[in-house]
Structure formats: structure tokens, C-alpha cells
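User: I am new to this structure. Please take one part and walk me through it closely.

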Amino acid sequence: MAEAALKQNATDNRVHMVLCDQLLLDSVDPDTDLFEEGLLDSMALVNLMMALEQEFSIMIAPEDLDMEDYRSMESIVSMVNRMQSI
Amino acid sequence: MNLAKTAQPLRPSPSSSFKIRAFTPGDIESVVQMSIEHFPQCRLVSPGYLYETIDDLYFKDTFSFDGIDSLVAVDPNGTVSGFLGVTPKKFRYQGETILASMCNHLMASEEARSALVPMRLLQQFLSGPQKFSYADGSVESTRLLWKRLGGEPSFSNSVYYKVPLRPMSFGTRPLQQRFPNSLRKPIKKISYGADYLFGVARLPFSRRKQPDVRLSPIGIDQIFEGLNRIWRSKEIYPETSTSDLDKIFRLLKNDPRNGTLHHIGIWNNRDILTGWFIYYASAGGVCEVIQAVSLPGKETELFESICWHAYNEGGTELSGRAIPSQIGTPFTTKAFSMPGRMWTLFHCKDDGLARVLHSDKAFLTRMEGDLWLI
């Protein structure tokens with residue numbers, strides 16, 4: 001249980017790191033709406049997806065692309081967890 | 001989770017979500033305004049001209065198909081903030097007619113970009129009923145979006161070439177663009193004069209060899225006949241009629257931006273049509289090639305013919321996109337070749353068809369992409 005929580009925390013931190021790196025932010029709240037805040041445009045999304053693929057060794061196929069997955073850090077973490085479990 | 005406070009957003013927040021719907025005639029005016037803002041070439045013509053061309057391209061006399069529409073993104077106030085021009089096209093593939101769809105002029109306002117409108121427009125377009133989708137003359141950012149959505153750039157259809165016809169004018173062109181108008185004209189005249197003197201002095205780099213063929217204007221019927229001959233060796237080609245060609249020629253001729261449209265046939269000494277080229281001649285400027293096609297093995301003749309013609313029309317530079325069969329011929333070996341300056345993009349779920357599209361078995365010239373029409 002503790003191990004799972006630790007692992008989850010590590011994923012959160014890595015997603016946070018990738019997000020900050022890609023969006024040139026110092027920090028981002030897990031529930032910040034990245035679309036509403038105007039933080040993520042189409043090109044930034046493409047770059048973010050590439051960075052996530054590299055960081056987590058996952059492959060985001062075109063048919064798996066649901067933009068809602070990128071609305072917040074929380075939803076990105078869920079998407080990464082889902083991809084990693086495939 | 002132990003995260004620090006959120007940093008300030010880098011861009012203004014979009015007020016709310018954007019809706020994507022089919023482009024209607026009522027949207028033309030907004031699209032004209034957006035085109036003027038986004039594309040420098042649209043500032044060279046009047047808004048009235050743009051209005052008519054867009055109306056003509058997307059709403060008049062075009063082949064239409066339910067479910068394939070140009071798309072607009074509108075904000076909650078109903079303001080058009082994004083556009084993707086879409087043209088359905090018919091192609092012949094393995095003896096059957098298949099439906100393709102070409103997209104161009106992807107644009108979005110700053111706010112719409114923050115709401116992922118370009119990505120959503122492309123995603124909706126690519127999920128249409130067409131067998132394959134393509135885009136011509138796309139910029140790098142569109143290539144990245146397109147690839148992310150499952151499409152591929154066609155490397156063999158993305159090789160652009162530039163041929164200096166008048167070396168001095170060609171060489172000073174980048175300089176001319178940096179100088180104000182008052183200096184630009186004298187530099188242009190001096191360069192052109194120097195090129196003339198080089199020509200008189202018969203310096204080898206300053207003259208074009210006259211090809212051993214007959215060049216004369218070619219009509220639509222003859223082009224159509226020639227296309228039918230070329231298409232025999234292709235597995236996929238556009239299903240075009242003479243009236244389609246007539247329409248595209250009319251649009252090309254009306255465009256005041258690029259110079260004088262020429263369509264020239266090449267006949268060998270046995271009076272057989274071996275190729276033709278359609279291009280804009282611009283005295284003292286860049287001559288843009290729209291379509292240059294020849295029978296297999298006649299590419300050198302074709303290349304020399306275009307250069308000769310454009311040189312005699314006063315052009316300083318020839319520019320175009322090579323088709324796959326012209327790669328490795330003078331179009332790329334005797335020209336400045338620029339792979340990936342812009343991109344031809346394909347999106348196709350059928351692997352067999354995709355392979356054909358990326359090969360020289362597909363016939364797809366700049367004439368099949370309407371990008372430069374707006």
C-alpha cells in the first residue's frame with residue numbers, strides 16, 4: 001500500500017516536472033485547468049505529449065488522443081497511469 | 001502532494017470553450033479578415049478579391065460531399081476564431097473512384113490557439129469519411145500536429161527547388177528584402193543590369209541553354225490528353241475533367257499576385273508532346289512553377305525548357321516543388337534543393353494506399369493543392 005502511494009507520488013512529481021519544463025512555469029497546481037488558463041496551445045500540447053512519452057516510455061497513439069486527458073495535471077497523471085498499465 | 005503555488009499563466013485566458021461547425025457563406029467575411037491577419041500574401045490583394053475566391057473555391061461549382069466541410073471554430077459570442085479550408089477531391093485508385101480530402105489555411109486567433117482549436121480542427125477533419133487526407137505546402141508546426149494525429153509527411157513530395165536564372169539578382173534578393181523601398185529599387189536595377197552584362201559577355205553561369213525542342217502555349221484539351229497518358233503509369237491520380245481544369249486555370253489567371261500565367265507544351269522534333277509546364281512568369285521576380293510534368297526520361301528537357309522560358313520572360317529565379325520522379329534529375333541536382341522547406345502531408349488508414357501515396361506511383365503536383373489560390 002505504502003509502496004503504491006510512493007510510486008504514485010513519484011509519477012505526480014515527474015508529471016509536474018515535465019509540465020513545468022514544457023510550459024516554462026515554476027510550478028503548477030494539480031487541478032489547474034490548463035486550457036482555461038491559456039497555458040496549453042496545440043503546439044505546446046504536441047511537445048508535452050512527446051516529453052511525456054520520453055519521460056514515461058509510453059506511446060500515445062493518435063486514436064488514444066483525448067484532449068480532455070490534458071486539461072489538468074491530475075488528468076495527465078491519470079492518463080499516464082492508464083498508459084503504463086497497458 | 002507537495003507542490004508550490006501555481007505560477008502566473010503566460011497567456012491570457014480564453015473566456016470559454018469554442019465550438020467547431022461547418023463553414024457557411026455567412027462566415028466568409030470573417031475568414032477573409034483572418035486570412036489577411038495570418039497570411040502575408042493575402043495582404044497583396046483586395047478583401048473583395050479574397051471574398052470572391054473563397055466563395056468560388058468552397059461554395060461554387062465545387063464537388064461537394066456530405067460530411068466533408070471546411071470548418072470554423074466559433075467562440076461563445078459567435079465570432080469566428082479558427083478556420084480550416086477543406087476541399088473534397090475524387091481520385092482514381094485501382095480502377096475505382098475514391099474520395100480524398102485536402103485541407104489548407106489552418107488558422108486560429110491567439111485565444112483559439114490557447115483552446116487547442118488548431119488541433120481540434122485537424123482532428124475533426126481527419127476523422128471524416130474520406131479514404132485519405134492531404135495537405136500541401138504545410139509549415140513545420142502543421143506537420144507536427146498532423147503527425148501527432150496519425151498522419152505522415154511525404155518526404156518525396158516535399159522537396160522544393162530554387163534555380164537562379166539571373167545570378168546577380170538572385171544573389172542580392174535577400175539583401176533587397178532587408179532594405180527600405182527607396183534602396184530596394186536601385187539595388188534591383190543594378191543587379192538586373194549586371195546580369196544583362198554577364199549575359200552579353202556570355203559568361204557560362206549567366207545564360208540558359210536553349211533546349212532542342214519546340215515550346216508553345218498548350219490548351220486545356222491538350223493538357224488533359226497529356227495527363228491521361230501520364231496517368232497510365234500511375235496507380236493513383238486525380239479524377240479531373242476539362243471543366244475542372246478550366247476552372248482552376250481561370251482562378252490562376254485571375255490572381256494578380258504572382259505574375260503572368262503561362263501554360264507551355266514541349267514538343268520534340270517528331271512533334272510529339274513530351275511534357276508541359278504551368279507557371280507564373282514574373283519579370284524581375286520569382287517564377288513559381290505550378291505543374292511541370294514530362295514523360296519518363298524527359299525530365300532534363302523539361303527542366304531546361306522551364307528555365308529557358310522563365311529566363312526569357314525576365315525572371316530572376318525559378319521556384320517549385322519537385323514531384324518524386326524529378327528527384328535526382330536536374331530539378332534537384334542543378335538547383336538549390338530544399339527538402340522540407342514546406343511539407344506535403346498524408347493521412348491514410350489503408351497501409352497499401354499509404355505506400356502508393358508516398359511513392360512516385362501517385363500523381364500529385366502543386367496544381368492538386370489549392371494552397372496558393374487564397
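Analyst: What follows is a close look at one sheet in chain B, its cavities and a few places around it.

The model is predicted: local features need pLDDT of at least 70, side-chain atom pairs count only at pLDDT 80 or more, and totals for chains, interfaces and linings use all residues. Residues are numbered from 1 along each chain as its sequence is written, chains are lettered from A and ligands numbered from 1 in the order in which they are written, and side-chain values use heavy atoms, without hydrogens or water.

Start with the layout. The sheet is open and has 7 strands. Their order in chain B is E8-E10-E11-E12-E13-E7-E14, and the pairing is mixed. Strands (E, at least two residues) and helices (H or I, at least four) are DSSP runs, numbered from the N terminus. Two strands pair if DSSP finds at least two bridges between them. The edges are strand E8 (214-217) and strand E14 (336-339) of chain B, and each pairs on one side only. Neighbouring strands of this sheet are turned by 25° against each other on average, with direction ignored. Axes are lines fitted to C-alpha atoms, for helices over the stretch in contact; angles run from 0 to 180 degrees between N-to-C directions.

A helix packs on this sheet. Helix H8 (residues 220-231) of chain B touches strands E10 (260-267), E11 (273-281) and E12 (286-294) of that chain. Contact means heavy atoms within 4.5 Å. The direction of H8 makes about 120° with that of E11(B).

Now go strand by strand from the E14 edge. Strand E7 (residues 159-164) of chain B runs antiparallel to E14(B), and 4 bridges join them. B:Val159 has B:Pro339 in E14(B) as its bridge partner. E7(B) also runs antiparallel to E13(B), here over 6 bridges. In that pair, B:Tyr161 stands opposite B:Gly320 of E13(B). Strand E13 (residues 317-322) of chain B is mostly covered, with 6 of its 6 residues buried. Buried means under 20% relative accessible area, exposed over 50%, and partly exposed in between (1.4 Å probe, protein chains only). The direction changes at the next pair: E12(B) and E13(B) are parallel, over 3 bridges. B:Cys287 finds its bridge partner in B:Leu318 of E13(B).

Next come the cavities. Rolling a probe the size of a water molecule over the atoms shows where empty space is left. A cavity is a set of points, on a 1 Å grid over the protein atoms alone, where a 1.4 Å probe fits but cannot get out; lining residues have an atom within 4 Å of a point. Points are joined across faces, edges and corners, and a volume is the space filled by probe spheres set on the points. There are 4 cavities of 30 Å³ or more. The largest holds about 60 Å³. Its lining includes B:Tyr161, B:Val289, B:Gln291, B:Arg321 and B:Arg366. E12(B) gives the most to this lining, with 4 residues. By class, the lining has 5 nonpolar, 3 polar and 2 charged residues. Here Ala, Val, Leu, Ile, Met, Phe, Trp, Tyr, Cys and Pro count as nonpolar, Asp, Glu, Lys and Arg as charged, and the others, Gly among them, as polar.

The second largest cavity has a volume of about 50 Å³. Among its lining residues are B:Asn157, B:Lys234, B:Asp360 and B:Phe363. B:Ile323 and B:Thr365 line this cavity, and both also line the largest one. The classes of the second lining are 5 nonpolar, 3 polar and 2 charged.

B:Phe363 leads on to another strand. Leaving aside neighbours within four places in sequence, B:Tyr237 is in contact with B:Phe363, B:Phe91, B:Arg92 and B:Trp231. B:Tyr237 is in strand E9 (residues 236-238) of chain B. Its C-alpha atom is separated by 9.9 Å from that of B:Thr97, 140 residues apart along the chain.

B:Thr97 falls within strand E4 (residues 96-108) of chain B, which runs parallel to E5(B) over 4 bridges. B:Ser101 has B:Ser133 as its bridge partner there. E5(B) also pairs with strand E15 (residues 343-348) of chain B, antiparallel over 5 bridges. B:Ser133 stands opposite B:His347 in E15(B). All 7 of the 7 residues of strand E5 (residues 132-138) are buried, so this strand is largely enclosed by the rest of the structure.

Note on methods: 1 Å grid on protein atoms, 1.4 Å probe; cavity = no way out; pocket = protein on both sides within 12 Å on 5 of 7 lines; lining within 4 Å.
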